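Here is a short round of questions on how the labels for this fold are earned. Each answer sets a value against its definition.

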Amino acid sequence: MTHPTLLRMPPWLGFPKERILPQPPESYTVEEEGQEWWCVRDAAGALVYSGVGPVEVVRSPSPF
């Protein structure tokens, strides 16, 4: 079991939205590109997320 990396996005209809990412959290950059518009890129510069924010990349507090 490991503590995976999670991309946490704004809730949709009151439900939290998270996506598992394959690399460690420090491999991602999170930038606000406009008012309430955020982009997440991996270490190679590939776009992982572009959309409404704020968003964050974190290590899961629980293993799974």
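A nonpolar core is a set of buried Ala, Val, Leu, Ile, Met, Phe, Trp, Tyr and Cys residues joined through side-chain atoms within 4.5 Å. Buried means under 20% relative accessible area. The model is predicted.

Q: Which residues make up the largest nonpolar core?
A: The core has 10 residues: Leu7, Met9, Leu21, Tyr28, Trp38, Val40, Val48, Tyr49, Val55 and Val57. S1, S4 and strand S5 (47-52) each supply at least two residues of this core.

Q: Why is this set called a nonpolar core?
A: Membership requires a buried residue of a listed type, joined through side-chain atoms within 4.5 Å. Leu7, Met9, Trp38 and Tyr49 are among the residues in the set. They therefore count as buried, each under 20% relative accessible area. In soluble globular proteins, nonpolar side chains tend to be buried together.

Q: What is Trp38 in contact with, beyond its neighbours within four places in sequence?
A: The partners include Val30, Glu31, Tyr49, Val52 and Val55. They are called contacts because heavy atoms lie within 4.5 Å.

Q: How do you know that S3 and S4 pair?
A: Pairing needs at least two bridges. Strand S3 (residues 29-34) and strand S4 (residues 37-41) are joined by 5, so they pair. They run antiparallel. One partnership sets Glu31 opposite Cys39 in S4.

Q: What links S3 and S4 in the hairpin?
A: There are 2 residues between the strands. Glu36, in the turn, has a positive phi of about 65°.

Q: What makes S4 and S5 a pair?
A: The threshold is at least two bridges. S4 and S5 have 5, in the antiparallel sense, so they qualify. Trp37 has Val52 as its bridge partner in S5.

Q: What is the strand order in the open sheet that holds S3, S4 and S5?
A: The order is S3-S4-S5, with antiparallel pairing. S3 and S5 are the edge strands, as each pairs on one side only. The twist averages 20° from one strand to the next.

Q: How do you know that S1 and S2 pair?
A: Again, at least two bridges are needed. Strand S1 (residues 5-12) is joined to S2 by 6, so the two pair. Arg19 in S2 is the bridge partner of Leu7.

Q: Which are the edge strands of the S2-S1-S6 sheet?
A: This open sheet has 3 strands with antiparallel pairing. Strand S2 (15-21) and strand S6 (56-59) are its edges, each pairing on one side only. Neighbouring strands are turned by 35° against each other on average, direction ignored.

Conventions: Residues numbered from 1 in each chain as written. Predicted model: local features only at pLDDT ≥ 70, side-chain atom pairs only at ≥ 80, totals over all residues. Heavy atoms only, no water. Helix = DSSP H or I, 4+ residues; strand = E, 2+ residues; numbered from the N terminus. Axes fitted to C-alpha atoms, helices over the stretch in contact; angles between N-to-C directions. Buried < 20%, exposed > 50% of the residue type's maximum accessible area, 1.4 Å probe, protein only.
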